[in-house]
Amino acid sequence: FKIAVLVSGSGTNLQSIIDNINNKKLDCTLEAVIGDRDCFGVSRAIEAGIDSYTLNRKVLKTNLCREIDKIVSNKKIDLIILAGFLSIIDEEFVKKWKGKIINIHPSLLPKYGGTGMYGIKVHEAVLKGNESESGCTVHFVDTGVDSGEIIEQIKVPVLENDTAEILQKRVLVQEHILLPKAIEKIIKESKGVCQ
Ligand code: GRF
């Protein structure tokens, strides 16, 4: 089972995938890491000896998704994982890879998702909304933003003195558990194993 991870940021979720493969908790191979900008996520991949690509969307003369498609098609990837990837995946790509692209989002979707809801903004909105709980979600990517079928969620409490930064850190710890769990579920389903 071959996976590719797309990143734009620090890549702590990518690191959790790498660690889970290395300690044999995830039965797959990480064939490619693709960044849409220079970022620490790509540096982590290079450090781990993984095939890495920076497709800087600001200097790229061609369509970003078409370039990603070339890489993942060539490598016959079974699952594409958006782990803090900040570019929008276009419709053509989503349709071609339907059921094979997943995303992690730091809220309990469908709450606090959609255009403009990313990074610290999500946690600020959760606090503003006076929620008593937040969490994280892994879902299939469809042609909307944060709207595809939900695969797994973990709830995280919102505590009284939380700032957005503190809440973000508490949620991120759970993301590192949730993402490998969701990947494992998809791998098992691909092998026809019931859970
Ligand atoms: C995570 O909070 C993820 O849910 C969101 O972007 C952040 C990425 O963090 N989509 P990292 O780059 O994996 O550290």
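How many bridges join β4 to β5, and in which sense do the two strands run? There are 3 bridges, and β4 and β5 run parallel. Before going on, I should say that this is a predicted model.

Let me stay with that pair of strands for a moment. Ile81 of β4 stands opposite Ile102 in β5. To get from β4 to β5, the chain passes through helix α4, residues 91-96, and this β-α-β crossover is right-handed. On its other side, β4 pairs with β1, also in the parallel sense, over 4 bridges. One partnership there is Ala4 with Ile80 of β4.

Now the whole sheet. It is an open sheet of 7 strands, and the order across it is β3-β2-β1-β4-β5-β6-β7, with mixed pairing. At the edges are β3, residues 52-54, and β7, residues 150-157, each of which pairs on one side only. Direction ignored, neighbouring strands are turned by 15° against each other on average. The word "mixed" deserves an example. Strand β5, residues 101-105, and strand β6, residues 133-140, run antiparallel and are joined by 4 bridges. Within that pairing, Ile104 has Val138 of β6 as its bridge partner.

Next, what packs on the sheet. Helix α2, residues 40-47, touches β1, β2 and β3, and its direction makes about 155° with that of β3. Helix α6 lies across β4, β5, β6 and β7, and runs at about 155° to β7.

Which way do the side chains of β4 point? In general, side chains in a regular strand alternate between the two faces of the sheet. In β4, Leu79 and Ile81 point one way, while Ile80 and Leu82 point the other way. All four of these residues are buried.

That brings me to the nonpolar cores. The largest has 39 residues, and those with the most contacts inside it are Val5, Ile17, Leu30, Ile81, Ile102, Leu179 and Ile183. Helix α6, residues 164-190, gives the most to this core, with 8 residues. To see how such a residue sits, take Ile183. Apart from neighbours within four places in sequence, Ile183 is in contact with Ile17, Leu26, Leu79, Ile81 and Ile102. There is also a second, separate core of 20 residues, which includes Ala32, Val72, Phe85 and Val94.

Helix α1, residues 12-22, is next. Its buried residues are Asn13, Leu14, Ser16, Ile17, Ile18, Asn20 and Ile21. What covers them includes β1, β2, α2, β4, β5 and α6. Just after α1, Lys24 takes a positive phi of about 65°.

I will go through three single residues. The first topic is Val7, in strand β1. Is Val7 buried or exposed? Val7 counts as buried because its relative accessibility is 0%. Beyond residues up to four places away in sequence, Val7 touches a list of residues including Leu14, Val33, Cys39, Val42, Ala83 and Phe85. Val7 and Ile81 are 74 residues apart along the chain, and their C-alpha atoms are separated by 8.8 Å.

Then His123, in helix α5, residues 120-128. His123 has a relative accessible area of 1%, so it is buried. With neighbours within four places left aside, His123 is in contact with Pro106, Ala164, Leu167, Gln168 and Val171.

Then Asn56, in the loop between β3 and α3. Its relative accessible area is 23%, so Asn56 is partly exposed. Not counting residues up to four places away, Asn56 touches Asp36 and Arg37. Asn56 and Arg37 are 19 residues apart in sequence, but from C-alpha to C-alpha they are 4.4 Å apart.

Last, the aromatic rings. How many aromatic pairs does the structure hold? It holds 1. A pair of aromatic rings is described by two things, the distance of the centres and the angle of the planes. Here the rings belong to Phe93 and Trp97, with centres 6.1 Å apart and planes at 25°. Why is the pair called stacked? Planes under 30 degrees apart count as stacked, and the planes of Phe93 and Trp97 are at 25°, so this pair is stacked. Both Phe93 and Trp97 are buried.

Notes
Residues numbered from 1 in each chain as written. Predicted model: local features only at pLDDT ≥ 70, side-chain atom pairs only at ≥ 80, totals over all residues. Heavy atoms only, no water. Phe/Tyr/Trp six-rings, centres within 6.5 Å; stacked < 30°, edge-to-face > 60°. Buried < 20%, exposed > 50% of the residue type's maximum accessible area, 1.4 Å probe, protein only. Core = buried A, V, L, I, M, F, W, Y, C linked by side-chain atoms within 4.5 Å. Contact = heavy atoms within 4.5 Å. Pairing = 2+ DSSP bridges. Axes fitted to C-alpha atoms, helices over the stretch in contact; angles between N-to-C directions. Right-handed = clockwise from strand over helix to strand, strands pointing away.
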